[in-house]
Amino acid sequence: MPLYLAPCGQQMTIVRIAADDKTKKHLYNLGLVAGEKVTVLSACGGSVTCIVKEGRLALDRGVAGHIFVA
């Protein structure tokens, strides 16, 4: 499922990133890679706030739609 549909507060694992190379590189620099654990804090409006490693990220819903978790 896309990251923006993930249940809040539940730790999920990134299984795939379906984006162009430029976006994948940007997400890699943020720590968002396949196999990484991520927890969604909120998915209100047009953004998704999540915890990756020990930092918080706010992602646009469009970008979060390229990140698939299980």
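**Strands and pairings in a predicted model**

Q: How many bridges join strand 2 to strand 3?
A: This model is predicted. Strand 3 covers residues 47–52, and strand 2 and strand 3 run antiparallel. One pairing in this hairpin sets Val-38 opposite Val-52 in strand 3. The number of bridges joining strand 2 to strand 3 is 4.

Q: Which residue takes a positive phi in the hairpin of strand 2 and strand 3?
A: The hairpin has 4 residues between its strands. A positive phi near 60° is found there, and the residue that takes it is Gly-45.

Q: In what order do the 5 strands of the open sheet stand?
A: Strands of a sheet pair through backbone hydrogen bonds, either parallel or antiparallel. In this open sheet the pairing is antiparallel. Strand 4 (55–60) and strand 5 (67–69) each have a single partner strand, so they stand at the edges. Neighbouring strands are turned by 45° against each other on average, direction ignored. The order of the strands is 4-3-2-1-5.

Q: Which residue of strand 4 is the bridge partner of Ile-51?
A: Strand 3 and strand 4 pair in the antiparallel sense. Their pairing extends over 6 bridges. In strand 4, the partner of Ile-51 is Arg-56.

Q: Which residue in strand 2 stands opposite Thr-13?
A: Strand 1 (residues 11–17) and strand 2 (residues 37–42) run antiparallel. These two strands are joined by 3 bridges. Opposite Thr-13, in strand 2, stands Lys-37.

Q: Is Gln-11 buried or exposed?
A: Gln-11 is found in strand 1. Leaving aside neighbours within four places in sequence, Gln-11 is in contact with Lys-37, Val-38 and Thr-39. The relative accessibility of Gln-11 is 52%, and the cut-off for this class is over 50%. Gln-11 therefore counts as exposed.

Q: How far apart in space are Gln-11 and Cys-50, C-alpha to C-alpha?
A: Along the sequence, Gln-11 and Cys-50 are 39 residues apart. In space, C-alpha to C-alpha, their separation is 9.9 Å.

Q: What is the relative accessible area of Arg-16?
A: Arg-16 has its place in strand 1. Arg-16 is partly exposed, a class that lies between the limits of 20% and 50%. The relative accessible area of Arg-16 is 45%.

Q: What separates the C-alpha atoms of Arg-16 and Glu-36?
A: Leaving aside its neighbours within four places in sequence, Arg-16 is in contact with His-66, Ile-67 and Phe-68. Arg-16 and Glu-36 are 20 residues apart along the chain. Their C-alpha atoms are separated by 10 Å.

Notes:
Residues are numbered from 1 along each chain as its sequence is written. This is a predicted model: local features need pLDDT of at least 70, side-chain atom pairs count only at pLDDT 80 or more; totals for chains, interfaces and linings use all residues. Side-chain values use heavy atoms; hydrogens and water are left out. Two strands pair if DSSP finds at least two bridges between them. Buried means under 20% relative accessible area, exposed over 50%, partly exposed in between (1.4 Å probe, protein chains only). Contact means heavy atoms within 4.5 Å. Axes are lines fitted to C-alpha atoms, for helices over the stretch in contact, and angles run from 0 to 180 degrees between N-to-C directions.
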